[in-house]
Amino acid sequence: MPSAQKWIANHAGNKIGTFDNDTEDATAEPLLNLRDLMKEQVQTGYATMFHHDLANEPWCFITLTKKRKLDDGHCLVRVRVIDPTIPTFDMGSVTEMLHWKSNGHVGSSMAFGPDGMLYLSVGDGQPPYPPDGDGVGQD
C-alpha cells in the first residue's frame, strides 16, 4: 500500500495484518478482523485489494468465506477507506457485492485491468474430489 508505506497480508483464518515496507524492521501488526467487519461469522479471508486510485475511489475489496458448503457462502465485499496512510476503514460502509459457491476452489484472486475495472476469479466452487462434480466439462 504505497500511501501508507506498508504491505497488507491476509492471515490464515479471518484476520488481515500490515507491516512496514522496511527490510530492517518489518513487524506485523493487526489491521482488521473480518468478523468485526462483517458482524457475523467469517471462516476465511482470501484476498485484499485496494483501489489503485484511492484519492478518488477510496475502496478496499476483500474476498472471504462466511461458511463453507453453501451456494452463496463466499463473497466479494467492498469497504470504504477513511485514511489510506494508516489505513483505517468505515465499518458501516460494508457492501456485499457478489456471492458464489463455497464448497471448495473459490478462486478469489483480484486485479484491476487496464480499463480500470476490477477483475475477480471465482473458481468452480467444487472440492478436488470427485473432479468436476457439477459436470462443467473441465477436460
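These legends go with a set of close-up views of one predicted model.

**Figure 1. The whole chain, from one end to the other.** Let's start with the overall picture before zooming in. The protein chain is made of one helix and nine strands. Starting at the N terminus, the elements come in the order β-β-β-α-β-β-β-β-β-β. There are 139 residues in the protein chain, and 33% of them are buried. How much of the accessible surface belongs to carbon and sulfur atoms? The answer is 52%, out of a surface of about 8,100 Å². Contacts tell us something too: if you take those between residues at least 6 apart in sequence, 40% of them join residues at least 24 apart.

**Figure 2. A sheet of three strands.** Here we look at an open sheet in which the strands are ordered β1-β2-β3 and the pairing is antiparallel. Which strands sit at the edges? They are β1, covering residues 6-10, and β3, and each of them pairs on one side only. Going from one strand to the next, the twist averages 30°. Now follow the pairing of β1 with β2, which spans residues 15-20: five bridges join these two antiparallel strands. Pick out Lys6 in this view, and you will find that its bridge partner in β2 is Asp20.

**Figure 3. Lys6 and Asp20 up close.** Stay with that pair for a moment, this time looking at the side chains. Side chains of opposite charge can pair when their charged atoms come close. Lys6 and Asp20 form a salt bridge, and their closest N and O atoms are 2.8 Å apart. Lys6 belongs to strand β1 and Asp20 to strand β2, so this salt bridge ties together parts that are 14 residues apart in sequence. Are the two partners buried or exposed? Lys6 has a relative accessible area of 14%, so it is buried because that value is under 20%. Asp20, at 31% relative accessibility, counts as partly exposed.

**Figure 4. The largest nonpolar core.** Next we go to the largest nonpolar core, which has 17 residues. Which residues have the most contacts inside this core? They are Leu32, Leu34, Leu37, Cys60, Ile62, Leu64 and Phe89. Several elements give two or more residues to the core: β3 (28-33), α1 (34-38), β5 (59-65) and β6 (74-83). Of these, β6 gives the most, with four residues.

**Figure 5. Leu32 and its contacts, plus a second core.** Let's zoom in on Leu32. If we leave aside its neighbours within four places in sequence, which residues is Leu32 in contact with? The list runs Asn14, Lys15, Ile16, Leu37, Ile62, Phe89 and Met91. There is also a second, separate core, made of seven residues, and Trp59, Leu76, Trp100 and Val106 are among them.

**Figure 6. Lys66 and its two partners.** The structure holds three salt bridges, and this view brings in Lys66. One partner of Lys66 is Glu40, with the closest N and O atoms of this salt bridge 3.3 Å apart. Lys66 is in the loop between β5 and β6, while Glu40 is in the loop between α1 and β4 (44-50), so the pair ties together parts that are 26 residues apart in sequence. Lys66 also meets Glu96 in a salt bridge, at 2.8 Å from N to O. Glu96 lies in strand β7, residues 88-100, so the pairing of Lys66 with Glu96 ties together parts that are 30 residues apart in sequence. Put these together and you get one network: Glu40, Lys66 and Glu96 are joined by salt bridges that share partners. How buried or exposed are the members of this network? Lys66 is buried, with a relative accessible area of 15%. Glu40 counts as partly exposed at 35% relative accessibility, and Glu96 is partly exposed as well, with a relative accessible area of 29%.

**Figure 7. Gln41 and Thr65.** For the last view, look at the loop between α1 and β4, where you will find Gln41. Gln41 is partly exposed, its relative accessible area being 42%. How far apart are the C-alpha atoms of Gln41 and Thr65? They are separated by 9.0 Å, and the two residues are 24 residues apart along the chain.

Technical notes:
Residues are numbered from 1 along each chain as its sequence is written. This is a predicted model: local features need pLDDT of at least 70, side-chain atom pairs count only at pLDDT 80 or more; totals for chains, interfaces and linings use all residues. Side-chain values use heavy atoms; hydrogens and water are left out. A nonpolar core is a set of buried Ala, Val, Leu, Ile, Met, Phe, Trp, Tyr and Cys residues joined through side-chain atoms within 4.5 Å. Buried means under 20% relative accessible area, exposed over 50%, partly exposed in between (1.4 Å probe, protein chains only). Contact means heavy atoms within 4.5 Å. Two strands pair if DSSP finds at least two bridges between them. Axes are lines fitted to C-alpha atoms, for helices over the stretch in contact, and angles run from 0 to 180 degrees between N-to-C directions. Accessible areas come from the Shrake-Rupley method with a 1.4 Å probe; for residues, only the protein chains shown count as cover. A salt bridge is a side-chain nitrogen of Lys or Arg within 4 Å of a carboxyl oxygen of Asp or Glu.
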